[in-house]
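The following exercises ask the reader to work through a structural model step by step. Each task is followed by its solution.

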Amino acid sequence: MELISPTEIAKEKIEAVQDFSVLAGRSVANLFRYPRYFADMMQQADLIGVGSLPIVVLTGLSIGAELALNSANTLQRFGSLSLIGQLVSVGMVRELGPIITGLMVAGRNSSGMASELGSMVVTEQIDAMRALGTDPMKKLVTPRVISTVFMLFFLTIISDLLGLFGGGLISTFLFRVDWRQYWNSAYQILMFQDVLMGLLKPVLFGFIIATVGCYYGVSARGGTQGVGRATTQAVVASSVLILMVDLLTTKFLMAIFSYR
Amino acid sequence: MAAPPITFDDRQTSTESSRSPVIAFDDVSIAFEGRTVLDGISFQLAKGETKAIFGVAGSGKSTILKLALGLMKPDSGHIHVLGEDVTQMREEDLFDLRRKIGMVFQESALFDSLTVRENVAFRLLEEGDVTEEEVEKPVRESLSFVELEKTVDMFPSELSGGMRRRVAIARAIITHPEILLYDSPTGGLDPVTSTTIVQLIVKQRDVYKTSSLLVTHRLQDAFTMAANYFDRKTNQMQPLPPGMRGEVPMGFLILRDGKIIFDGDVHELAACRDEYIREYIS
């Protein structure tokens, strides 16, 4: 096996970061340039948003229910079972809703984008598009980025609500917490900064999912094997980035709002 | 017999226009992973001319087409296309220029999620505010040129290799581009389908006078193009009468080890004494 020098590896990595930054920057800059592909955006919104709805509904519901189930025992020990609504609410809205939805959508759509664009690259369809005078960045990347950001925002809200609902079901039917009391405490504990944090994250995660998926797609080389590799890398990279950005965003916003 | 399309007047015009080439490569070099593929090549494509590019596999034939279209940038040298230096242009500016050029890719490169109609109409739909109804006529005309009107609602995966190649030609010519670039349009096809595609290229050359670069491995295709013309009356390709052989705007360019070893017409190729070229064309 041929050995590659560390300098070459470093150069490759820096080049990859540079290419990714250019793609991410252009995907946003294209919003202010003509033509704007609204039809493609709508199509992608349907594929990403409506298509991801079943898994988001299922995961949101189960995560909320599991959160309630796991925390109820601890709260019961301290006689604070009435706080279960608050715990599920803050946990879902601030952290679990955005992150679980982000990871689910990353697994489904980042891979889909990488494989679709990767196949287009290896079959010269991207070159054909450029040859026909169409910018693939505008036609393929920007609609995917915008649609993912937009749809993930709403998918996260759905996930949060279903998580609360799942937690409510467990609290009411298994631990005999009053349904109205659960919702009252869940609602009252939420502060502006909790909601802001919970709704800012999907915007960042959506951007990561789409740009990473598109980047690995357009960088795919080496036929079908290369497309497979790009798909795997897209899911891994977007999931890791989501977790890292989540940590940084949480820390940053907590510092800004001098969190309790 | 119907008169050949190249009259004296046409030839005079062709000579005048040859002073302003539509494509000009000037000392162009490119290397991939340390291997020089094109080493300081220079050539010109005159207006209305079809130039066939030959060379062994990996000699940089397809790279020439991609360089001309600005899909790749050379390491050095300049490429002028329709008067613009594509080596100095930004990607955003190249899109306007590319709209004047049609390209037929080696493996057709049709958009597999779009129907034949959408593939052929792609450029028209992208160019402006036109409805699908408005593009129907040019799509039908373009598909009728390649005799594939019946495939309009089919997907590329439902077509044979030869049909896909013809749809790719229909997609390339729908806006009547000033230049056409063909990348191995007959590669891997049976002789009958190959002849159909050669006939389409000759028709494009003689009827629409489109300037073309044609990459091919099949020498016989280029000789057929040099020895035939397209007769509009019979709508068929016909052999040129004796004495008129090679009197069509058809050039030959042969690459070897990254350099051009021959650039001329069929007469010059036949008279060439270079051993490699003699062996290549024999």
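**Exercise 1. Cysteines**

Is A:C214 buried or exposed? Then state how many disulfides are counted over all chains.

Solution. The model is a predicted one.
Step 1. The relative accessible area of A:C214 is 0%. Buried means under 20%, so A:C214 is buried.
Step 2. B:C272 has a relative accessibility of 14% and therefore counts as buried as well.
Step 3. A disulfide is a covalent bond between the sulfur atoms of two cysteines. The count over all chains is 0 disulfides.

**Exercise 2. The interface between the chains**

Describe the contact between chain B and chain A by its residues and its buried area.

Solution.
Step 1. Chain B contributes 22 residues to the contact, and chain A contributes 17 residues.
Step 2. The area buried between chain B and chain A is about 1,700 Å², with 54% of it on carbon and sulfur atoms. On the side of chain B, the residues that lose the most area to chain A are B:F95, B:F111 and B:E126, together 29% of what that side buries.
Step 3. Between chain B and chain A there are 10 residue pairs in polar contact, both residues being at pLDDT 80 or more. Three elements of chain B, namely α3 (91–98), β6 (101–104) and α4 (116–127), each supply at least two residues of the side that touches chain A. Of the elements of chain B, α3 gives the most to that side, with 4 residues.
Step 4. By residue class, the side of chain B that touches chain A divides into 10 nonpolar, 2 polar and 10 charged residues.

**Exercise 3. Salt bridges across and beside the interface**

How many salt bridges are counted between chain B and chain A? Place A:D127 within the network of salt bridges.

Solution.
Step 1. Side chains of opposite charge can pair when their charged atoms come close. The count between chain B and chain A is 5 salt bridges, and the structure holds 26 over all chains.
Step 2. B:K66 pairs with A:D127, with the closest N and O atoms 3.8 Å apart. The cut-off is 4 Å, so this pair forms a salt bridge.
Step 3. A:D127 also meets A:R130 in a salt bridge, at 3.3 Å from N to O. A:R130 and A:D127 both lie in helix α4 (residues 125–131) of chain A, 3 residues apart, or about one turn of the helix.
Step 4. A:D127 counts as buried at 18% relative accessibility, and A:R130 counts as buried at 15%.
Step 5. The network of salt bridges links A:E124, A:D127, A:R130, B:K66, B:E91 and B:R98.

**Exercise 4. A salt bridge between helices**

Which parts of chain A are tied together by the pair A:R144 and A:E116?

Solution.
Step 1. The side chains of A:R144 and A:E116 meet in a salt bridge, at 3.0 Å from N to O.
Step 2. A:R144 lies in helix α5 (residues 136–175) and A:E116 in helix α3 (residues 84–122) of chain A, so the pair ties together parts that are 28 residues apart in sequence.
Step 3. A:R144 has a relative accessibility of 3% and counts as buried, whereas A:E116 counts as partly exposed at 37%.

**Exercise 5. Backbone geometry**

Identify what is notable in the backbone at A:P35, B:S108 and B:E147.

Solution.
Step 1. The peptide bond that joins A:Y34 and A:P35 is cis, with omega about -10°. A:P35 is found in the loop between α1 (6–29) and α2 (38–77) of chain A.
Step 2. B:S108 is not a glycine, yet its phi is positive, at about 70°. B:S108 is placed in the loop between β6 and α4 of chain B and counts as buried at 2% relative accessibility.
Step 3. B:E147, also a residue other than glycine, has a positive phi near 55°. B:E147 lies in the loop between α5 (132–145) and α6 (161–173) of chain B and counts as exposed at 51% relative accessibility.

**Exercise 6. Surroundings of A:A65**

Which residues is A:A65 in contact with, leaving aside its neighbours within four places in sequence?

Solution.
Step 1. A:A65 is in helix α2 of chain A and counts as buried, at 17% relative accessibility.
Step 2. With those neighbours left aside, A:A65 is in contact with A:G163, A:G166, A:G167 and A:I170.
Step 3. The C-alpha atoms of A:A65 and A:G168 are separated by 7.5 Å, although the two residues are 103 residues apart along the chain.

How values were computed. Residues are numbered from 1 along each chain as its sequence is written. Chains are lettered from A and ligands numbered from 1 in the order in which they are written. Side-chain values use heavy atoms; hydrogens and water are left out. Contact means heavy atoms within 4.5 Å. Buried area is the accessible area (1.4 Å probe) that two parts lose on being put together, summed over both. A polar contact is a pair of N or O atoms within 3.5 Å; within protein, one must be able to donate a hydrogen and the other to accept it, and residues adjacent in sequence count only if both atoms are side-chain atoms. Ala, Val, Leu, Ile, Met, Phe, Trp, Tyr, Cys and Pro count as nonpolar, Asp, Glu, Lys and Arg as charged, and the others, Gly among them, as polar. A disulfide is a pair of cysteine sulfur atoms within 2.5 Å. Buried means under 20% relative accessible area, exposed over 50%, partly exposed in between (1.4 Å probe, protein chains only).
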